[in-house]
Amino acid sequence: MFKKLLIANRGEIALRVLRACKEMNIMTVAIHSTADTDAMHVRLADESVCIGPPQASESYLNIPSIVAACEITGADAVHPGYGFLSENFHFAEILEAHNISFIGPSSKHISLMGDKITAKDTVKKLGIPVVPGSDGDVKNVDEAKKIAKQIGYPILIKAASGGGGRGMKIANNEGEISEAFSMARTEAKAAFSDDTVYIEKYLQKPRHIEIQVFGDSKGNAVYLGERDCSLQRRNQKILEEAPSPIITEEQRRKIGNISAKAISDLKYEGAGTIEFLFENNEFYFIEMNTRLQVEHPVTEMITGLDLVKEQIKIASGEDLSFIQDNIKYKGHAIECRINSENPRTFIPSAGRIESYHPPGGLGIRIDSAVYAGYNIPPYYDSLIGKLIISADSREECLSRLQRALDEFVIEGIETTIPLFRELIQNNDIINGDYDIHWLEKYLSKDA
Ligand code: MV4
């Protein structure tokens with residue numbers, strides 16, 4: 001087992017990883033920019049290293065500084081968290097070259113899934129259902145028109161190096177395809193220095209359902225149920241829940257087994273999330289994430305498993321701690337992402353937290369690294385904490401969430417708390433009846 005783990009991240013996820021390490025008696029090294037000197041993960045870590053100025057490119061994305069911090073402190077493992085370098089296969093390669101364990105899959109698998117075309121091609125061959133579309137990349141408008149004719153409009157043009165919704169363009173008919181195609185390629189070139197694009201049938205009202213999977217070095221693989229992440233705004237998840245209110249036990253078992261089998265065949269090691277769109281009772285693969293996700297706590301609450309500890313154990317060469325038959329789901333969990341933003345305009349609201357009173361009681365978990373007096377820096381994302389509620393049923397979860405939001409006091413900055421208090425009064429949300437466009441429609445009504 002590792003002796004000393006460097007946490008190559010900040011905020012709530014750095015604290016989350018630190019907590020798992022402490023419980024496993026692994027020494028912790030925090031890295032921080034000059035803007036995060038007073039951050040909680042720095043205060044609670046056994047050691048800390050300042051690795052640069054506030055700009056992420058000069059600090060949390062600065063691979064030489066992070067590797068130097070490993071050398072100085074003698075860290076034998078690095079956990080990347082999510083975002084930053086968590087899906088940067090060069091980072092994983094460089095750590096491997098320095099004999100430092102990367103808590104995650106191999107650089108080969110990170111690279112394979114980072115390219116959305118090779119990802120889709122790989123999982124399709126392993127039996128995972130995919131969205132109908134081009135077989136690989138599309139080189140010109142004529143090819144695009146031919147494929148669009150085969151699969152039917154509307155179609156979506158996507159960047160191979162994209163993901164998370166960046167660089168996608170819709171074409172509703174042949175007349176729109178030429179402009180959509182050239183805009184997609186131009187934007188992909190600008191954003192990712194790669195103008196490779198592919199085409200898919202545009203699914204109009206899907207849910208966003210993702211399957212948590214784990215694999216180990218022996219080819220064992222399991223799925224840990226699904227998370228419904230359909231409540232999104234501009235591809236930013238706002239609220240996630242497990243299990244999905246619309247997936248049946250039969251559907252869960254079927255797509256879960258297909259996903260775990262694919263992970264086993266791939267010899268994929270570590271945590272992974274297979275992202276699907278779900279429409280007309282069919283799953284369609286869109287992407288695979290090779291990192292731990294922000295919303296992993298809802299899976300932890302219904303399975304009782306610590307996914308970060310599992311990641312660390314697998315990275316140290318241990319086998320999976322559990323077999324599929326031993327994975328049982330209990331109750332329901334909902335996560336609300338508390339952002340330091342205006343609850344209507346979502347304009348970031350950095351500044352000093354004057355007072356902070358989190359809710360408590362049975363089934364209430366707060367994953368946050370803020371405290372009264374903490375200054376939220378303007379350089380990073382606006383997530384200040386995750387409110388995770390668990391209960392025996394979705395109905396009880398919602399009433400517990402209502403009570404928790406009423407108790408939650410954060411003064412000095414604006415937060416998205418008022419938005420959640422509104423949303424959980426809405427009948428569509430109460431009934432679990434929402435697709436990936438629901439939130440933007442809801443918010444545009446009041447605009
Ligand atoms: C799609 C789609 C509809 N049809 N692909 C957005 C981010 C990236 N994960 C892929 N995304 C989408 N791909 C096809 N063929 C709709 C989206 C999409 C979306 C997906 C999940 C959650 C929120 C979304 C918001 C807008 C668009």
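Asparagine 99 sits in the loop between H4 and E5, and its phi is positive, about 60 degrees, although it is not a glycine. That's worth a look, since most residues other than glycine have a negative phi. Keep in mind that this is a predicted model. Below is a quick tour of the backbone oddities, a helix pair, a sheet and the empty spaces.

**Backbone oddities**

- Besides the phi of about 60 degrees at asparagine 99, there are cis peptide bonds to go through.
- Tyrosine 153 and proline 154 are linked by a cis peptide bond, with omega near -5 degrees.
- Look for proline 154 in the loop that runs between helix H7 (141–151) and strand E6 (155–159).
- The bond between alanine 242 and proline 243 is cis as well, with omega at about -10 degrees.
- Proline 243 belongs to the loop between strand E11 (236–242) and helix H9 (249–266).
- For context, most peptide bonds are trans.

**Helices H4 and H5**

- The axes of H4 (residues 89–97) and H5 (residues 107–114) come within 8 Å, crossing at roughly 170 degrees.
- Angles over 145 degrees count as roughly antiparallel, so that's the label H4 and H5 get relative to each other.
- On the H4 side, Phe89, Ala92, Glu93 and Glu96 make the contact, while H5 brings in Ser107, Ile110 and Ser111.
- Sorted by class, the residues of this contact come out as 3 nonpolar, 2 polar and 2 charged.

**The open sheet**

- Eight strands form an open sheet with antiparallel pairing, in the order E13-E12-E9-E10-E11-E14-E19-E17.
- At the edges you'll find strand E13 (282–289) and strand E17 (364–368), each pairing on one side only.
- From one strand to the next, the twist averages 25 degrees.
- Inside that order, strand E9 (residues 207–215) and E12 run antiparallel and are joined by 9 bridges.
- Glycine 215 faces a glycine too: glycine 270 in E12 stands opposite.

**The second largest pocket**

- This pocket holds about 240 Å³ of space.
- Its lining has 17 residues, with Phe102, Gly104, Pro105, Ser106 and Glu269 lying nearest the centre.
- Strand E5 (101–102), strand E12 (270–279) and helix H11 (307–315) each put at least two residues into the lining.
- H11 is the top contributor, giving 3 residues.
- By class, the lining breaks down into 8 nonpolar, 6 polar and 3 charged residues.

**Cavities**

- Rolling a probe the size of a water molecule over the atoms shows where empty space is left.
- Here, 2 cavities of 30 Å³ or more turn up in the structure.
- The largest cavity has a volume of about 50 Å³.
- Its lining is made of Pro80, Gly81, Ser86, Phe102, Ile103, Gly104, Pro105, Ala271, Thr290, Arg291, Leu292 and Gln311.
- In class terms, that lining has 6 nonpolar, 5 polar and 1 charged residues.
- Phe102, Gly104 and Pro105 appear both in the lining of this cavity and among the residues nearest the centre of the second largest pocket.
- The second largest cavity comes in at about 40 Å³.
- Lys116, Lys158, Ala159, Gly162, Gly163, Gly165, Arg166, Met168, Tyr198 and Glu287 line the second largest cavity.
- The class split for that second lining is 3 nonpolar, 3 polar and 4 charged residues.

Terms used. Residues numbered from 1 in each chain as written. Predicted model: local features only at pLDDT ≥ 70, side-chain atom pairs only at ≥ 80, totals over all residues. Heavy atoms only, no water. Axes fitted to C-alpha atoms, helices over the stretch in contact; angles between N-to-C directions. Helix = DSSP H or I, 4+ residues; strand = E, 2+ residues; numbered from the N terminus. Parallel < 35°, antiparallel > 145°, perpendicular 65-115°, else oblique. Contact = heavy atoms within 4.5 Å. Nonpolar A, V, L, I, M, F, W, Y, C, P; charged D, E, K, R; others polar. 1 Å grid on protein atoms, 1.4 Å probe; cavity = no way out; pocket = protein on both sides within 12 Å on 5 of 7 lines; lining within 4 Å. Points joined across faces, edges and corners; volume = space filled by probe spheres on them. Pairing = 2+ DSSP bridges.
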